[in-house]
Amino acid sequence: MRISARNQLKGTIIEINEGTVNGIVKIDIGGGNVISSTISMNAVKELRLAVGGTAYAVIKATSVMVAIDD
């Protein structure tokens with residue numbers, strides 16, 4: 001696979017919460033960091049995602065928001 005996105009974080013799938021239309025996939029990328037992504041259930045099935053498997057969190061964003069605590 002080749003892709004233009006530069007933010008590619010390899011990790012282990014630790015949880016998949018399946019919904020009717022979408023699923024929430026959690027990927028442990030190490031150092032106590034977990035990335036969560038909502039993708040379609042069709043994508044979960046097509047990619048054959050399973051807990052314990054390896055996957056990449058690919059991040060491509062056009063904007064980043066900044067917030068502070070009150």
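**Close-up views of a predicted four-strand model**

**View 1. The loop that holds Arg-48, between helix H1 and strand E4.** Arg-48 is placed in the loop that runs between helix H1 (41-46) and E4. In this predicted model, the residue has a positive phi of about 55° although it is not a glycine. The relative accessible area of Arg-48 is 75%, and because the cut-off for exposed is over 50%, the residue is classed as exposed.

**View 2. The chain as a whole, with its elements in order.** The secondary structure of the chain comes to one helix and four strands, and from the N terminus on these elements follow one another as β-β-β-α-β. Taken along the principal axes, the box filled by the C-alpha atoms of the chain is roughly 40 × 30 × 25 Å. The chain has 70 residues, of which 16% are buried. Among the contacts in the chain with a separation of 6 or more, 44% are accounted for by residues 24 or more positions apart.

**View 3. The open sheet, in which the four strands take the order E3-E2-E1-E4.** The pairing in this open sheet is antiparallel. At its edges are strand E3 (33-40) and strand E4 (54-59), each of which pairs on one side only. From one strand to the next, the twist averages 45°. As a general matter, strands of a sheet pair through backbone hydrogen bonds, in either a parallel or an antiparallel arrangement.

**View 4. The hairpin of E1 and E2.** Strand E1 (residues 7-18) and strand E2 (residues 22-30) run antiparallel and are joined by six bridges. The connection between E1 and E2 is a hairpin that passes through three residues. Two pairs of facing residues can be picked out along these strands: Glu-18 stands opposite Gly-23 in E2, while Glu-15 stands opposite Lys-26 in E2.

**View 5. The hairpin of E2 and E3.** Eight bridges hold E2 and E3 in an antiparallel pairing, and one pair of facing residues is Asn-22 with Ser-40, the latter in E3. Two residues lie between E2 and E3 in this hairpin, and Gly-31, which is in the turn, has a positive phi of about 65°.

**View 6. The pairing of E1 with the edge strand E4, and the surroundings of Ala-55.** E1 and E4 pair in the antiparallel sense over six bridges, and Thr-54 in E4 is the bridge partner of Thr-12. Ala-55 is likewise found in strand E4. Why does Ala-55 count as buried? The relative accessibility of Ala-55 is 11%, and because buried means under 20%, the residue falls within that class. Leaving aside residues up to four places away in sequence, Ala-55 touches Leu-9, Lys-10, Gly-11, Ile-13 and Ile-27. For one of these partners, Ile-13, the C-alpha atom is separated from that of Ala-55 by 6.6 Å, although the two residues are 42 residues apart along the chain.

**View 7. The largest pocket and the residues that line it.** The volume of the largest pocket is about 330 Å³. Its lining is made up of 13 residues, and those closest to the centre of the pocket are Ser-37, Ile-39, Tyr-56, Ala-57 and Val-58. E2, E3 and E4 are the elements that give two or more residues to this lining, and E4 gives the most, with five residues. Which classes of residue make up the lining of the largest pocket? By class, the lining has 11 nonpolar and two polar residues, with no charged residues.

Definitions and conventions:
Residues are numbered from 1 along each chain as its sequence is written. This is a predicted model: local features need pLDDT of at least 70, side-chain atom pairs count only at pLDDT 80 or more; totals for chains, interfaces and linings use all residues. Side-chain values use heavy atoms; hydrogens and water are left out. Two strands pair if DSSP finds at least two bridges between them. Axes are lines fitted to C-alpha atoms, for helices over the stretch in contact, and angles run from 0 to 180 degrees between N-to-C directions. On a 1 Å grid over the protein atoms alone, a cavity is a set of points where a 1.4 Å probe fits but cannot get out, and a pocket is an open set with protein on both sides within 12 Å along at least five of seven lines; lining residues have an atom within 4 Å of a point. Grid points are joined across faces, edges and corners, and a volume is the space filled by probe spheres set on the points. Ala, Val, Leu, Ile, Met, Phe, Trp, Tyr, Cys and Pro count as nonpolar, Asp, Glu, Lys and Arg as charged, and the others, Gly among them, as polar. Buried means under 20% relative accessible area, exposed over 50%, partly exposed in between (1.4 Å probe, protein chains only). Contact means heavy atoms within 4.5 Å.
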